[in-house]
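Okay, thanks everyone, let's get going. I'd like to walk you through one chain today, so please pull it up on your screens.

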Amino acid sequence: AGIKVKPSTTTSYVVTQTLCGTVTRDTVRVDVWPAGVNSVNGKTQVYTLSPNPVQQTLHLSQQVNDGRAVLVSIYEATGKKVFSGSLQFADNKAGVNVGGLAAGFYFVELKDGAGNGYRLKLTKE
């Protein structure tokens, strides 16, 4: 049982189920986060994170260092923001302590100094 959808934009669906004559309805929201290629001074920016899954310290790496701080936000799979801060990369590396987060799936959103946004998936053990 289940539904399979592939919306191109964030969409809500109403799921109706009838069991033994009882009708129930639930609303399911599917968030679509765009992916894309951005650049810094004409060079493609790439962020990576490790380890994944993570237990304590999340290590972030960037391919192109423009010397500006990067805003980082971490969201639960439901969309609730659970962390927000600013990172300064040294030798294209930075770390975030995620030890206080519950085990589960998260999205890491990065916004560089030029306003470009990046999203990465994260699993917390």
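So, reading along the sequence, the pattern you get is β-β-β-β-β-β-β-β-β-β-β. The count for the chain is 0 helices and 11 strands. Just so we agree on terms, helices (H or I, at least four residues) and strands (E, at least two) are DSSP runs, numbered from the N terminus.

Some housekeeping before we dig in. This is a predicted model, where local features need pLDDT of at least 70 and side-chain atom pairs count only at pLDDT 80 or more, while totals for chains, interfaces and linings use all residues. Residues are numbered from 1 along each chain as its sequence is written, and side-chain values use heavy atoms, with hydrogens and water left out.

Let's start with the sheets. Two strands pair if DSSP finds at least two bridges between them. And as a reminder, strands of a sheet pair through backbone hydrogen bonds, either parallel or antiparallel.

One open sheet has 3 strands in the order β5-β6-β9, with antiparallel pairing. Its edge strands are β5 and β9, each pairing on one side only. The twist in this sheet averages 25° from one strand to the next; for angles, axes are lines fitted to C-alpha atoms, for helices over the stretch in contact, and the values run from 0 to 180 degrees between N-to-C directions.

Now zoom in on how these strands connect. A hairpin takes you from β5 to β6 through 6 residues, and those two strands pair antiparallel over 4 bridges. Within that pairing, L49 has L60 in β6 as its bridge partner, and T48 stands opposite S61. On to the next pair: β6 and β9 are also antiparallel, over 5 bridges, and T57 has N97 in β9 as its bridge partner.

Strand β6, residues 57-62, has two faces: L58, L60 and Q62 make up the covered one, and T57, H59 and S61 the uncovered one.

There's another open sheet, with 4 strands in the order β8-β7-β10-β11, again with antiparallel pairing. Here β8 and β11 are at the edges with a single partner strand each, so one side of each has no neighbour in the sheet. Ignoring direction, neighbouring strands of this sheet are turned by 20° against each other on average. Strand β10, residues 104-111, pairs with β11 in the antiparallel sense over 8 bridges, and F105 stands opposite T123 in β11.

So what's in the middle? Which residues of the largest nonpolar core touch the most other members? Those are L58, L60, V108 and L110, out of 20 residues in that core. By nonpolar core I mean a set of buried Ala, Val, Leu, Ile, Met, Phe, Trp, Tyr and Cys residues joined through side-chain atoms within 4.5 Å. At least two residues of this core come from each of β5, β6, β7 (70-76), β9, β10 and β11.

Take L58 and leave out residues up to four places away in sequence: L58 then touches L49, S50, P51, A94, G95, V96, V98, V108 and L122. Contact here means heavy atoms within 4.5 Å.

Next, the aromatics, and there are 2 aromatic pairs. Rings of Phe, Tyr and Trp (its six-membered ring) pair if their centres lie within 6.5 Å, with planes under 30 degrees apart stacked, over 60 edge-to-face and the rest tilted. For Y47 and F89 the ring centres are 5.9 Å apart and the planes at 50°, so that pair is tilted. Y47 sits in strand β5 (47-50) and F89 in the loop between β8 (81-87) and β9 (93-97), so the pair ties together parts 42 residues apart in sequence.

Y47 also pairs edge-to-face with Y118, at 4.9 Å centre to centre and 65° between the planes. Y118 is in strand β11 (117-124) and Y47 in β5, so this pair ties together parts 71 residues apart in sequence. Together the ring pairs link Y47, F89 and Y118 into a cluster. Y47 and F89 are both buried, and Y118 is buried too. Buried means under 20% relative accessible area, exposed over 50%, partly exposed in between (1.4 Å probe, protein chains only).

Last, the whole-chain numbers. Buried residues are 24% of the 125 in the chain. Of the contacts with a separation of 6 or more, 46% are between residues 24 or more positions apart. And that's my tour.
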